Amino acid sequence: MLKSIAIALTLLGSGAQAPQADPLDWSTCPGDKIGMECVDLRVPVDRQQAAGREITLKLGRLKATGTSEGSVLIAYGGPGGPGIAITQSGNQWAKLRERMDIVTWDTRGYGEQFGGLSTGLPCTWTRVPLPEFPEDDADFGRLSDTNRGYAEACRNKDPEFFANMSSADNARDMEAIRKALGDAKLNFYGASYAGFYGQAYARLFPGQVRTMVLDGTWNHSTADWVGELEKMAGSNEEAIGRFFDWCASGKCRDVVPAKWRKLVARADRAPIPARQAGIAYDGRDLQAFAVSSARQGAEAWPKLARDIRAAIGGDASGFVPARGARYPDQATGVTECVDWPRPAGRAELDATIARLREIAPNTGTANTLATGTLGCVGWPVRVTNPPAPLPKGLPPMLGAGAWGESDAVERVLKQVPGSVTVRHEGPGHTLHASNPCARDHIDRYLTDRVLPAAGTKC
């Protein structure tokens, strides 16, 4: 008895949650090779209809290798990243697992097509080239009709499920998981798009957050969405600026911003052929490729310089992705189109385009959600999870991110007093899996609620 009390006091003193009695009936996961247990959890499709239809979430758990002090819920983004398969494929949680159970789940709707084991939305997800910007109101109407056609092919198979696929719906699933685990409060790590799930959870259930890590995500907690698009464009301009600075240092002095902008303008008038693939890229395509390459850092910059030279010479083949698709493209935005505000008309879109091009003369609108939301124009379901500021009263949170991502995360967390963002001033996407310094800070925060010093760099 005294020993049990001592253990409980130790756990409370460390800041971790005293473990609760396990209410779930776990069993070995299908095809398991690493000792992961799984269980099915039934949740409502639509929580506005509490007595309505339910779907199954498949949860996975790696039990703590030492004395368990609670659990950490993990999500990898995507949206639709299969948490169980991803967790089984690596060993990034070994240190955290010494003290905490690692719990993950396959998110709603993204079933077998995505390697997930939860109830899937019966869609055939497609990838299509990003639409061109409409030139007039008639073009905008045609874009709306085209997008609605893609959406309806999926929606008609299960309209109720299709309408309940937002990050807020995932956040409500997270709360159901927390309750099912018997945890007093939630410990959450969200990578990439799963940071949207975390932000939605913080808005919906602020009193249930113990710790929350947002790693390599975007800011979905703003009252000024156009201002956020402007910051995305500015981040892209900063990324390609690093490349041009590197060229100017003597590595490729012939590749200068003025020549680049001339190439982009020329491609907008007449797309540059990529002869090896039999396709052609307009200026926005080239900007998207260049931003992606620039963000990869110095290892990618020599090739980017060669690709720009070749495109100036009339062949954009160097930009063709290895996977052979006509990138930039996007998937059917079942989650994205209910999370992201979309332009209501051409005038609003044109004003946003003009502003982003002013802010980012070298990168324009490329790789911002001004282009990402083009596929959502005409969507048959409204934006059910719009961006909104975080509420007051949240505990200090921890952010992490590489170039650009750390700035976006910091814009989220500046709303929560005492929060800290770990920055990696280099290329990459998310830090926990690849950056041991950041991983140590994240693991310590999730166990002991100890944050690194403000301004920490890894």
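Lys58 is buried in this predicted model. Its relative accessible area is 15%, which falls under the 20% limit for burial. Asp40, at 44% relative accessibility, counts as partly exposed. The side chains of Lys58 and Asp40 meet in a salt bridge, with N and O 2.8 Å apart. This pair links distant parts of the chain. Lys58 belongs to strand S3 and Asp40 to strand S2, and 18 residues separate them. Side chains of opposite charge can pair when their charged atoms come close.

Strands S2 and S3 are also paired with each other, in the antiparallel sense, over eight bridges. Within this pairing, Arg42 stands opposite Thr56 in S3. Strand S2 pairs with S1 as well, again in the antiparallel sense, here over two bridges. Ser27 stands opposite Cys38 in S2.

These strands belong to an open sheet of nine strands. The order is S1-S2-S3-S5-S4-S7-S8-S12-S13, and the pairing is mixed. Strand S1 (27-28) and strand S13 (420-423) are the edge strands, each pairing on one side only. At the S13 edge, the partner is strand S12 (residues 398-401). S12 and S13 pair in the parallel sense over four bridges. Ala400 stands opposite Val422 in S13.

Helix H5 (residues 167-181) lies across five elements of the model: strand S2 (37-44), strand S3 (54-62), strand S4 (71-75), strand S5 (101-105) and strand S7 (186-191). The helix runs at about 120° to S2.

Helix H6 spans residues 194-204. Of its 11 residues, 10 are buried, so the helix is largely enclosed by the rest of the structure. The buried residues of H6 include the aromatic side chains of Phe196, Tyr197 and Tyr201. Gln199 and Arg203 are buried too, as are Ala194, Gly195, Gly198, Ala200 and Ala202.

Helix H7 (residues 225-251) packs against helix H10 (residues 301-312). Their axes lie 11 Å apart, at an angle of about 85°. The two helices are therefore roughly perpendicular to each other. From H7, the contact involves Arg242, Phe243 and Trp246. From H10, Trp301, Pro302, Leu304, Ala305 and Ile308 take part. By class, the H7 contact with H10 holds seven nonpolar residues, no polar residues and one charged residue.

The structure holds 27 salt bridges in total. One of them joins Arg127 and Asp329, whose closest N and O atoms are 3.0 Å apart. This pair, too, links distant parts of the chain. Arg127 lies in strand S6 (residues 127-129) and Asp329 in strand S11 (residues 329-331), 202 residues apart. Asp329 is buried, with a relative accessible area of 13%.

Asp350 and Arg346 form another salt bridge, with the closest N and O atoms 2.8 Å apart. Both residues lie in helix H12 (residues 346-359). They are four residues apart, about one turn of the helix. Asp350 is partly exposed, with a relative accessible area of 28%. Arg346, at 23% relative accessibility, also counts as partly exposed.

Salt bridges also form a network that links Asp407, Glu410, Arg423 and Glu425. Of these residues, Arg423 falls within edge strand S13 (420-423).

Definitions and conventions. Residues numbered from 1 in each chain as written. Predicted model: local features only at pLDDT ≥ 70, side-chain atom pairs only at ≥ 80, totals over all residues. Heavy atoms only, no water. Pairing = 2+ DSSP bridges. Contact = heavy atoms within 4.5 Å. Axes fitted to C-alpha atoms, helices over the stretch in contact; angles between N-to-C directions. Buried < 20%, exposed > 50% of the residue type's maximum accessible area, 1.4 Å probe, protein only. Parallel < 35°, antiparallel > 145°, perpendicular 65-115°, else oblique. Nonpolar A, V, L, I, M, F, W, Y, C, P; charged D, E, K, R; others polar. Salt bridge = Lys/Arg side-chain N within 4 Å of Asp/Glu carboxyl O.
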